[in-house]
Every structure is written in structure tokens, then in C-alpha cells.
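Trainee: I'd like to learn how to read a model like this one. Could we go through it feature by feature?

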Amino acid sequence: MNRLFGSKSAVPKPTLDGAITNVEDRISTLDVKLTSLNSELTTYQTKISKMRDGPGKTALKQKALKVLQRRKQYEAQRDQLEGQSWNMQQAGMMTDNLKNTMTTVDVMKDTTKTLKKQYRNIDIDKIDRMQDEMADLMDMGNEIQDSISRAYDVPDEVDEADLDAELEALGEESMFESGVGEGAVPSFMQDEVAPPQFIDEPPEPAKVKEPAGGLG
């Protein structure tokens, strides 16, 4: 049966990258040949420039012309291969861009489906009610803080008369403190330091009695 209808080829299909690689290898081979031909032409040119006109020089020129023709053929092939390589590279870049675009589109589709499923489970009314409850709880918390931080036994208002009296009292206290020195006695201790009122004269200083008969 295989002889009549043949069988499927087991050789893998060529890829774009493989084709580009093959072309680049052929270009490299042509570059080597062109380098060799240029070297050969340089040798002929050196010899021809030193020869006189005659049959020998003419024969050498014919050889140089053949080398030149071969070089032009290789250069033409090389230009064609470079054009092919460039076209395949352009096709490869377009293919990569298309793949990236398709990948991006697929990701966006999947993301859109996921977002739709998630948004279906979200109730906007519940969110609004939750926000209202949070606002009420914040107000309640502020009221509790105000109640806890309330001061006790403190008058709510102080008039200017109270302020003037307080300032006057502070001024008197300041003057009293400045008048008390290191040797001064506070007013609340003066009565205790002063001598008793029933003594008419202050006591005289004690006198030392001399011994009888004087000092020998």
C-alpha cells in the first residue's frame, strides 16, 4: 500500500527561523568566497602593474577578468540572499507582533470575564448602607469621646470680673515673694519671733563676775 499511495513524510516542516538561519549560513559562505576572490584579484593587479605589455600580460588580464566575473556573480547571489533574509525577518517580526496581540486580546477577555463575575456578587445598595452605618458609628464614637472627656466641677464660663480678680491675686503673690529675702521673716512667723509684750526693756548682756581679790 505504501508503494502505491506513498506514506507521510517524517521530515519536519521547515520553520521561519530555520529558513533564516540557512540563508544566513549561505551568506557567510559567500563572504568567504568573495574574500578569497578579492585576495586573488589583488595578486593579479600587483603582477599586472609590474609587467610590460605583451602576450603574458594579456593572458594574466584574462584570468583576472574571469575572477572578476565570478566575484560579481557571488555578489549578486549575496544581495539576493540578503533580500530574502530581510523579508523573512520582517515576516517573523509581523508574526511575533500578531502573536503578542492575540495573547493580549485573550488576556483581556479572561480579565473581563473575571471582573464581570466578581461585580455580579457586589451589591451597591449594601455598600451604601454599610457606609451609612459607618458614618453613624463614627458619630456615636465622637459623642462617647465627648462624654468621657467632659470635665467635672469646672464652670462653663468665666467672666472678666473673675479674670481681673485672679490676675490681681497673682500680682500680690508675686510682690510678696519678691519682698521676702534670705534674712526676712515671713509674716506668719513674725509673732513667734518678736519678744513678749510684757517686757519693758530688752535684757542686758550678761556680765562676767570677777574673782575676789583680783588676779594675782
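Trainee: Which helix supplies the largest share of the nonpolar patch, and how many residues is that?

Mentor: That would be α4, with eight residues of the patch. Keep in mind as we go that this is a predicted model.

Trainee: What makes up the whole patch, and how much accessible area does it have together?

Mentor: For a nonpolar patch, you look for nonpolar side chains that have over 30% relative accessible area, make no salt bridge and sit within 5 Å of one another. Here the members are L115, Y119, I122, I124, I127, M130, M134, L137, M140, I144 and I148. Together they offer about 1,100 Å² of accessible area on the surface. Two helices, α3 (55-120) and α4 (124-148), each bring at least two residues to it.

Trainee: Take Y119 from that list. Where is it, and is it buried or exposed?

Mentor: Y119 belongs to helix α3. The cut-off for calling a residue exposed is over 50% relative accessible area, and Y119 comes in at 57%, so it counts as exposed.

Trainee: Let's zoom out. How many helices and strands does the protein have?

Mentor: Six helices and zero strands. Read from the N terminus, the order of elements is simply α-α-α-α-α-α.

Trainee: And what percentage of the residues count as buried?

Mentor: Buried means under 20% relative accessible area. Of the 216 residues in the protein, 8% fall in that class.

Trainee: Now helix packing. How do α2 and α3 sit relative to each other, parallel or antiparallel?

Mentor: For a pair of helices, check how far apart the axes are and at what angle they cross. The axes of α2 (residues 16-50) and α3 come within 8 Å and cross at roughly 160°. That angle makes the two helices roughly antiparallel, since anything over 145 degrees gets that label. As for handedness, the crossing of α2 and α3 is left-handed.

Trainee: On to charges. What should I look for, and how many salt bridges does the structure hold?

Mentor: The general idea is that side chains of opposite charge can pair when their charged atoms come close. This structure holds four salt bridges. One of them joins D31 and R78, whose closest N and O atoms are 2.3 Å apart. D31 is in helix α2 and R78 in helix α3, so this pair ties together parts that lie 47 residues apart in sequence.

Trainee: Are D31 and R78 buried or exposed?

Mentor: Neither, really: D31 is partly exposed at 27% relative accessibility, and R78 is also partly exposed, with a relative accessible area of 21%. There's a bit more to that pair, too: D31, R78 and E82 are linked in a network of salt bridges.

Trainee: Which residue does R71 pair with, and how far apart are their closest N and O atoms?

Mentor: R71 forms a salt bridge with E75, at 3.6 Å. The two are four residues apart in helix α3, so about one helical turn separates them. R71 is partly exposed at 22% relative accessibility, and E75 is partly exposed at 33%.

Trainee: What about D53: which side chain does it meet in a salt bridge?

Mentor: D53 meets K57, with 3.1 Å from N to O. Compare the partners here: D53 is exposed at 70% relative accessibility, whereas K57 is buried, with a relative accessible area of 14%.

How values were computed:
Residues numbered from 1 in each chain as written. Predicted model: local features only at pLDDT ≥ 70, side-chain atom pairs only at ≥ 80, totals over all residues. Heavy atoms only, no water. Patch = residues over 30% accessible without salt bridge, like charges linked within 9 Å, V, L, I, M, F, W, Y side chains within 5 Å. Areas by Shrake-Rupley, 256 points an atom, 1.4 Å probe, with all protein chains shown as cover. Buried < 20%, exposed > 50% of the residue type's maximum accessible area, 1.4 Å probe, protein only. Axes fitted to C-alpha atoms, helices over the stretch in contact; angles between N-to-C directions. Parallel < 35°, antiparallel > 145°, perpendicular 65-115°, else oblique. Left-handed = near helix turned anticlockwise from the far one by under 90°.
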